[in-house]
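The following paragraphs consider the nonpolar cores and the aromatic pairs of a single protein chain. Please keep the sequence and the model in view while reading.

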Amino acid sequence: MTIKVYSFGGGQMVEAMLRAALKKGVVTANETGIVDIAAPRVKYLQEQYGFAAQQEPDWDHVATADIVILGVRPQDNWAQIMKGLVEHHYQKDVISIIAGVSLAQLTSKDDQFAVTRIIPNTLTDVALGYSGVVKNNNANQEVVEAFLKSFGKIDYLDESLLDVFTGYGVAGPNYIYNFLIIFTNAGVLAGLPRQQANKLAIENLKAAAAFVEQSGKHPAELLDINNSAGGVGITAQHELDKSSFAAGIENAVLAAVKRTKELGKRNAGDQK
Ligand SMILES: NC(=O)c1ccc[n+]([C@@H]2O[C@H](COP(=O)([O-])OP(=O)(O)OC[C@H]3O[C@@H](n4cnc5c(N)ncnc54)[C@H](OP(=O)(O)O)[C@@H]3O)[C@@H](O)[C@H]2O)c1
């Protein structure tokens, strides 16, 4: 089954989601509609993928969609888009990827909208990251899940945790990319050729994650095994314990969560 999708906003995140869905055969290019106010984006989305992209909404196309995506930024006029959907009696599923904008802000109590709020992970091309998902009671779980699973895994959450999920889980790859760079640089500093250091860093990261998952052991237990008395591991551990390694990551996550909340507050919520 293919799913007909229409997106308001054709930016980076929407492109990444639809590219993955297209690759999985969950959507087809010509049945996927996109409106974006930026002419170069429209041209690019048409030429690169064959999506039915325009600069003005195609309401006939919207009417045939199983899912409408709200793919704009918090500060964009998403309230106007919701108003358009009400005026055109759109009644199927709406998926919002707008960070910091709540289900209550998106709908009024009179609306019968089936709305799912998602915070997609940027690892869509490998379809491995978790999207944080909150849905209201009207959402068609089967159709929505089929679409979401084409670009990642699903983690249902309480809406109160979605901002935390954004700063932690969605910004998650950023922390890992940083770790990979720093770990590779450390190998180079110690004398390894960069390519080799990078290869070892990636493999250690993948293998350590797999080992934690497969062994079911707490990472501290695995550290105990690696850190023998007076050995190499415990010597490195001592330096890590003295450094701001832990606080640096913790503070970065707290700052990212705080920023998500700030953006949510500064959004166009009062434009309804
Ligand atoms: N990028 C990520 O990694 C990521 C991850 C998770 C969630 N998100 C969320 O996803 C949303 C989109 O982010 P993004 O990074 O994809 O942003 P983006 O690349 O800036 O995409 C937004 C696009 O929507 C267009 N637009 C604005 N208002 C519009 C309207 N009324 N109708 C049609 N198109 C409109 C913008 O055009 P102009 O540029 O001309 O204004 C822009 O091309 C945000 O809420 C963000 O928080 C992003």
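A residue is called buried under 20% relative accessible area, exposed over 50% and partly exposed in between, with a 1.4 Å probe and protein chains only. The model is predicted: local features need pLDDT of at least 70, side-chain atom pairs count only at pLDDT 80 or more, and totals for chains, interfaces and linings use all residues. Residues are numbered from 1 along each chain as its sequence is written, and side-chain values use heavy atoms, without hydrogens and water.

The largest nonpolar core (buried Ala, Val, Leu, Ile, Met, Phe, Trp, Tyr and Cys joined through side-chain atoms within 4.5 Å) has 30 residues, and Ile69, Phe147 and Leu148 have the most contacts inside it. Two or more residues each come from helices H1 (12–23), H2 (39–49) and H6 (141–148) and from strand S4 (67–70); helices (H or I, at least four residues) and strands (E, at least two) are DSSP runs numbered from the N terminus. H1 gives the most, 7 residues. A second, separate core of 26 residues includes Val62 and Phe165.

The structure also holds 6 aromatic pairs, that is, rings of Phe, Tyr and Trp (its six-membered ring) with centres within 6.5 Å; planes under 30 degrees apart count as stacked, over 60 as edge-to-face and the rest as tilted. The Phe8 and Trp59 rings are tilted because their planes stand at 40°, with centres 5.6 Å apart. This pair links strand S1 to helix H3 across 51 residues. Phe8 is buried at 4%, whereas Trp59 is partly exposed at 22%.

Phe179 and Phe183 are stacked, 5.4 Å centre to centre with 20° between the planes. Both lie in helix H8, and Phe183 is partly exposed at 37%.
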